[in-house]
Structures are given as structure tokens and as C-alpha cells.
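Reader: Before any bench work, I should like to go through this model in an orderly way. Could the helix, the charged pairs and the surface be taken in turn?

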Amino acid sequence: MTHQRSSEIQAPPAEVFAWFSRPGAIRRLLPPWLPLKVVAEAESLRDGTAVLGLPGGLRWFAQHQPDGYIPERKFVDEVEPQGLRAIATRAVNWKHEHLFEPADGDATTVIDRINSNLPARQTARMLAYRHRQLGADFAAHQRAAAAGLKPLTIAVTGSSGMVGEALCAFLSTGGHRVIKLVRGTPKSANERRWDSMAPADDLLDGCDAVIHLAGASIFGRFSDKHRQAIESSRIEPTQALAELAARANVSTFVSASAVGIYGAKSGPAPVDEKSIPQPVGSDFLADVVQRWEQAAGAGVSSMRRVQIRTGIVLSPRGGMLAVLRPIFTAGLGGRLGTGTQCLSWIGLDDLVDIYHRALWDTQLDGPVNAVAPHPVNNIEFTKALAKAVRRPAIIPVPAAAPKLLLGTEGTQLLALADQRVVPQKLLDTGHEFRHEHIELELAHCLGGN
């Protein structure tokens, strides 16, 4: 069966084709709800091979076809039979033609034509997602270009995490050079070894900006060991990197932070960036985040510094949604406790846009709340997630249940956190969110539209 979808991008074919040829394109376009991960990207649209991982260690080899390659106009990838021998009972047919046709006003009509025996609805959802992503990514890069952003060399820590992987792919497809700062042995010219406690003096040579994402996960029981990991992975490494960036004449230092600075129980009134230093939360995470932000200010220079105070990031690739999705899909979801606790959330792609904006919008300085404009309570979130996976959500979860996994403190700081945070600085700049409402975000990232 042949499936086709097209959309218009306000850029010439050569520019759109170049986007697809850069590292990260397949990562930006692969729907997050599919049980696939990128193992290797194709090195060439003409004759390279992309490798996707499936559950159980299986592999999908998408071979680009030289006879279907026309520079700036077309490329074709097709699943080779040897890539699917491990899939036992039935073969999957897949041929994907990517076409780029000139349109009026120096625009491009992007056409995806897929011949496959996969279910029609699944293929249609995938194509819809691809075209939403492509259009939104181009719009974000064009806003930045209109504001004067030129191609940059950007050093990124935490590049292998959920946020880091998405952000690096977004930046590289947009024409920026991404230098991944890694703790292990570098595997390419675009990686540099980073000693988080004592970074080398030349680590940031040639870099225009730094995006610092690294930090141990806060999810878990708040034992002494867990607390130590949270603190030690944030405070001193951030201070050392900020001091180095200041000495290296980096122009912009963007560092991760969290809405946890407002406290796990910030009260019914909305809080924004002006709510600090009063009220500051009095719990463990609030204290850590406050010191984390102070560390990002280390070093003396005119470098612009932005701290991205992130809310709950929604993506089936990780975090809270990855845990809840299978539960709700099984029909076992429900509100947590009373369900009145407020959730300040952000979609993964909107978070990527906010980090991107921090690179070019000089109005952004200091803390920036990275949350959607419309927070929801747990009851509203539960209803939206149940609708997105087309299942009922009628089994309430006792407030005490998370203690089995998180303990008493972890439950209060994470599962039952109640924060109504407003992205006031972004709203003041006229920032455009891809998905302001929870229903639209969940439909997008879970394939509901």
C-alpha cells in the first residue's frame, strides 16, 4: 500500500534538502511513541545506511538507494531483506521516497511517499508527526535567523540524555556545530573529554556558547547516597564549567535548573521568575537548585548567563510519561491522591525551543521558567493522558502508594509536588509555544493526531 503526505516549508529546496543531510535529522523525525531507537545515522543520503534498534536486540537497516538520489530533489531509503531476517514470521516491506519540489515564493513542497505493508493508520500517524516536526523546527530556526543568529559552535554536556539528544539533533540540523562534552573517550571530532571536576583549559576552545545539561537523575529514594549524587553532579561541576567559560570568552552560558527552586509546595498562587528570592522553597531540592544556579554565576566576565528552570518534561522516551504510559495503556491509570496537586509541565520539543531561544534572545538573562503557560492539576492530567491512549482512567492511586518506590521524602518532593509556575519571561518576549495545552502535547507525542 502506498501512503503519501506533503506540506510546504518556507525555504528553498536546497536549504530543506541540506537539513535532511545533517546529523540529527532522523532523530528529529522519528516518532517517540514507536518502539525504535536510532543506533546509527546514515552518513550519506545517496548510499548510506541508517540503523534502528527494535525491542529484543533486533535491527532495522534502512539502505539509501543510489539510483533514487537526485541532489536537492530526492532521496530514497529501503529496508534490505538481510536487516529483517531476525524478525521471525513475516517480512516488513518498506520503501520511502523523500521528494523536494520548488513551490511559489522560494518555498519547498516536501513529499513523503511510502510503500509498505505496515498498518495504514500507523504509517499515517508517523507521517503526520514528521511533517509537524519539520515545519515547527524550520519555523524556530527561521525566527532565530531573523533575530540575527548565525551558525554557532556550541558545547553541550549531558548530550546522551533525553533532553540533550533532542537538543543536539535540533541544533545540528539547523546548521550549528555541536561539540559534545563527554566523560568517556571521545569517539569523533565533535566530542571532547570533559573532567567535570577539573575541566581542561582548552575544553571550550573555539566555542561560542555552552549548554550545560548534565546532572544525576533526581528520581529515587532520598537516601544519603542519592542526595549526594544529586548535589555532587550539579554544584561543583557547574561552577567549574562556568568559570572556564568565563575565561574562554564564551558569549552565552545556558545551564539547566528546575522549578524545584520554588519548593515542592509553592502554594495555590502562581509563581514566576520574580518570586525569587522570596519565597524560596525550604526543602532539599529547593536548596540544591538555589546553589546550582549560584554556581552557574561563577567567574567574572560579561558572558550572558541563562538558567532554564524546567518543569516536568513530557515525552514517552523518558521521565514521568515513560513510566505512566504503559500503566494507562493497560487501563490501570487514575488520579493520584486527591488529584488537586498542580503539575507545571513542558513538552520536550518546547523545551528544546526554549534552550534554542536562550542562545539568541538577549532579553533572556538569569532564570527562565521552562513550563507551558497552562499548568494542570493531577485530575486534569489523568483525563488527558487517558484520552490520548484511548483508555479509561477509573482506578485512583492512594497518596501513600508512591512511598513503596520513592519513600516518604521522595513522594512529597516528586509524586505529590504541587507547583503552579508561570513562564512569565517567555510570555513577555512573545515566545511561541508549539503546544500550550496538555491535550495537544499528549496527542502529539503519543501519536493521537
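Author: The model is a predicted one. The discussion begins with helix α4, residues 162-173.

Reader: How far apart are the end C-alpha atoms of helix α4, and what span should its 12 residues have?

Author: Helix α4 holds 12 residues, and at 1.5 Å a residue these should span 16 Å. The model agrees with that expectation, because the end C-alpha atoms of α4 are 17 Å apart.

Reader: Is α4 mostly covered or mostly open, and how many of its residues are buried?

Author: A residue counts as buried when its relative accessible area is under 20%. Among the residues of α4 that meet this limit are Val163, Leu167, Phe170 and Leu171, together with Ser172 and Thr173. The helix is mostly covered, the number of buried residues being 10 of 12.

Reader: Which residue with a positive phi follows α4?

Author: The phi angle in question is near 100 degrees. The residue that follows α4 with this positive value is Gly175.

Reader: Turning to the charged side chains, how many salt bridges does a search of the whole structure find?

Author: Side chains of opposite charge can pair when their charged atoms come close. One of the pairs here is Arg130 with Asp112, whose closest N and O atoms are 3.5 Å apart. The search of the whole structure gives a total of 17.

Reader: How many residues apart in sequence are the parts that Arg130 and Asp112 tie together?

Author: Both Arg130 and Asp112 are buried. Arg130 belongs to helix α3 (residues 120-146) and Asp112 to strand β7 (residues 107-116), so their pairing ties together parts of the chain whose separation in sequence is 18 residues.

Reader: What is the distance between the closest N and O atoms of Arg434 and Asp137, and how far apart in sequence are these two residues?

Author: Arg434 and Asp137 form a salt bridge with closest N and O atoms 2.7 Å apart. The pair links distant parts of the chain, with Arg434 in the loop between α12 (424-428) and α13 (438-446) and Asp137 in helix α3; the separation is 297 residues.

Reader: Which residues are linked in a network of salt bridges with Arg434?

Author: Asp353 also forms a salt bridge with Arg434, at 2.7 Å between the closest N and O atoms. Asp353 lies in helix α9 (residues 348-360), so this pair ties together parts that are 81 residues apart. Arg434 counts as buried at 18% relative accessibility, and Asp137 is buried at 0%. The residues linked with Arg434 in the network are Arg28, Asp137, Asp349 and Asp353.

Reader: Which backbone atoms does the side chain of Ser344 reach?

Author: Ser344 is found in the loop between β15 (342-343) and β16 (345-347). Its relative accessible area is 4%, which means that Ser344 is buried. Residues touched by Ser344 include Gly311, Ile312, Val371 and Pro375. A polar atom of the Ser344 side chain lies 2.7 Å from the backbone oxygen of Gln419, and at 2.9 Å the side chain reaches the backbone nitrogen of Val421.

Reader: Finally, Val323 forms part of a nonpolar surface patch; what is the area of that patch?

Author: Val323 is located in helix α8 (residues 319-329). Its relative accessibility is 48%, so Val323 counts as partly exposed. Together with Ile327, Leu332, Ile394 and Ile395, Val323 makes a nonpolar surface patch of about 460 Å².

Definitions and conventions
Residues are numbered from 1 along each chain as its sequence is written. This is a predicted model: local features need pLDDT of at least 70, side-chain atom pairs count only at pLDDT 80 or more; totals for chains, interfaces and linings use all residues. Side-chain values use heavy atoms; hydrogens and water are left out. Patches are made of residues with over 30% relative accessible area and no salt bridge: like charges are joined within 9 Å, nonpolar side chains (Val, Leu, Ile, Met, Phe, Trp, Tyr) within 5 Å. Accessible areas come from the Shrake-Rupley method with a 1.4 Å probe; for residues, only the protein chains shown count as cover. A salt bridge is a side-chain nitrogen of Lys or Arg within 4 Å of a carboxyl oxygen of Asp or Glu. Helices (H or I, at least four residues) and strands (E, at least two) are DSSP runs, numbered from the N terminus. Buried means under 20% relative accessible area, exposed over 50%, partly exposed in between (1.4 Å probe, protein chains only). The expected span of a helix is 1.5 Å times one less than its number of residues. A polar contact is a pair of N or O atoms within 3.5 Å; within protein, one must be able to donate a hydrogen and the other to accept it, and residues adjacent in sequence count only if both atoms are side-chain atoms. Contact means heavy atoms within 4.5 Å. Lists of a residue's contacts leave out its neighbours within four places in sequence.
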